[in-house]
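Me: I'm new to this one and would like a close look at a single part of it. Could you walk me through the charged pairs and then show me what sits around them?

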Amino acid sequence: MPGYLRAGYTMLEVVVVVAIVAVALTVSTPALIRMIEQQRVQSVLRSIDIGLTDLRAASQIDARIIDAGEAEAALAAELPVGWYILVDEAVTFSPAGVCNGGRLQVTTPRGREYVFSLARRTCSLDQRIA
């Protein structure tokens, strides 16, 4: 019938659109996965920093020394499954809440390691070493 318009898309148009979407997803997926992983790491590091502040406060409130082993156990209890933390033996909190600094190592479930120096006095995450 002349003058009859058919509504819809041709098979070629649909295939081209699907191919474009597939290429876009292939290119963007690795970047999206990296971004999600970086956000998860940042969240865990904030949690550790808060845990260090809590340990400092606990040493002041209880007027007692908190050693590296106790600090490591307290921080590890708050980590998500598969994450590990190692606190340098030199890290201690005095009864006055003062930290002598040291190092802290965090390992992700994928095996990536982050090493930080801890600030003297406050024991907050100071500088990433590795």
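Reply: Here's a walk through the salt bridges, followed by their surroundings. Keep in mind that this is a predicted model.

Let's begin with the count: the structure holds three salt bridges. Take the pair of Arg-110 and Glu-37, whose side chains meet with 3.3 Å from N to O. Arg-110 sits in the loop between strand S2 (102–107) and strand S3 (113–118), while Glu-37 belongs to helix H1, so this bridge ties together parts that are 73 residues apart in sequence. The two partners don't see the outside equally: Arg-110 is exposed, at a relative accessible area of 66%, whereas Glu-37 is partly exposed, at 21%. If you're wondering about that label, the cut-off for buried is under 20%, so the 21% of Glu-37 puts it in the partly exposed class.

Now for Arg-64, which takes part in two bridges. Its side chain meets that of Asp-62 at 3.4 Å, N to O, and it also meets the side chain of Glu-70, at 2.8 Å, N to O. Put together, Asp-62, Arg-64 and Glu-70 form a linked network of salt bridges. Each member of this trio is partly exposed: Arg-64 has 31% relative accessibility, Asp-62 has 44% and Glu-70 has 32%.

What does Arg-64 lead us to next? One residue in contact with Arg-64 is Ser-59, and Ser-59 is part of helix H1. Here the picture changes, because Ser-59 counts as buried, with 0% relative accessibility. A polar atom of the Ser-59 side chain lies 2.7 Å from the backbone oxygen of Arg-56. Leaving aside residues up to four places away in sequence, Ser-59 also touches Ile-66, Phe-93, Ser-94, Pro-95 and Gly-97.

Phe-93 is a handy stepping stone to the inside. It's among the residues with the most contacts in the largest nonpolar core, along with Ile-48, Ile-85 and Leu-104; that core has 24 residues. Two or more residues each come from H1, helix H2 (68–77), strand S1 (84–87), S2 and S3. H1 gives the most, with six residues. As a general point, nonpolar side chains in soluble globular proteins tend to be buried together.

For a feel of how crowded one of those core residues is, look at Leu-104. Again skipping residues up to four places away in sequence, Leu-104 touches Ile-48, Leu-75, Ile-85, Leu-86, Val-87, Tyr-114, Val-115, Phe-116, Leu-118 and Leu-125.

Let's circle back to the loop where we started. Thr-108 is found in the loop between S2 and S3, and Arg-110 lies in that loop too. Their settings contrast: Thr-108 is buried, with a relative accessible area of 5%, but Arg-110 is exposed. With residues up to four places away in sequence left out, Thr-108 touches Val-41, Gly-82, Trp-83 and Tyr-114. Tyr-114 turned up above as well, as one of the contacts of Leu-104.

One last stop, back on the outside. Tyr-9, Met-11, Val-14, Val-15 and Val-18 make a nonpolar surface patch of about 570 Å². Tyr-9 is in the segment before helix H1 (11–61), and Tyr-9 is exposed, with a relative accessible area of 71%.

Notes
Residues are numbered from 1 along each chain as its sequence is written. This is a predicted model: local features need pLDDT of at least 70, side-chain atom pairs count only at pLDDT 80 or more; totals for chains, interfaces and linings use all residues. Side-chain values use heavy atoms; hydrogens and water are left out. Patches are made of residues with over 30% relative accessible area and no salt bridge: like charges are joined within 9 Å, nonpolar side chains (Val, Leu, Ile, Met, Phe, Trp, Tyr) within 5 Å. Accessible areas come from the Shrake-Rupley method with a 1.4 Å probe; for residues, only the protein chains shown count as cover. A salt bridge is a side-chain nitrogen of Lys or Arg within 4 Å of a carboxyl oxygen of Asp or Glu. Helices (H or I, at least four residues) and strands (E, at least two) are DSSP runs, numbered from the N terminus. Buried means under 20% relative accessible area, exposed over 50%, partly exposed in between (1.4 Å probe, protein chains only). Contact means heavy atoms within 4.5 Å. A nonpolar core is a set of buried Ala, Val, Leu, Ile, Met, Phe, Trp, Tyr and Cys residues joined through side-chain atoms within 4.5 Å. A polar contact is a pair of N or O atoms within 3.5 Å; within protein, one must be able to donate a hydrogen and the other to accept it, and residues adjacent in sequence count only if both atoms are side-chain atoms.
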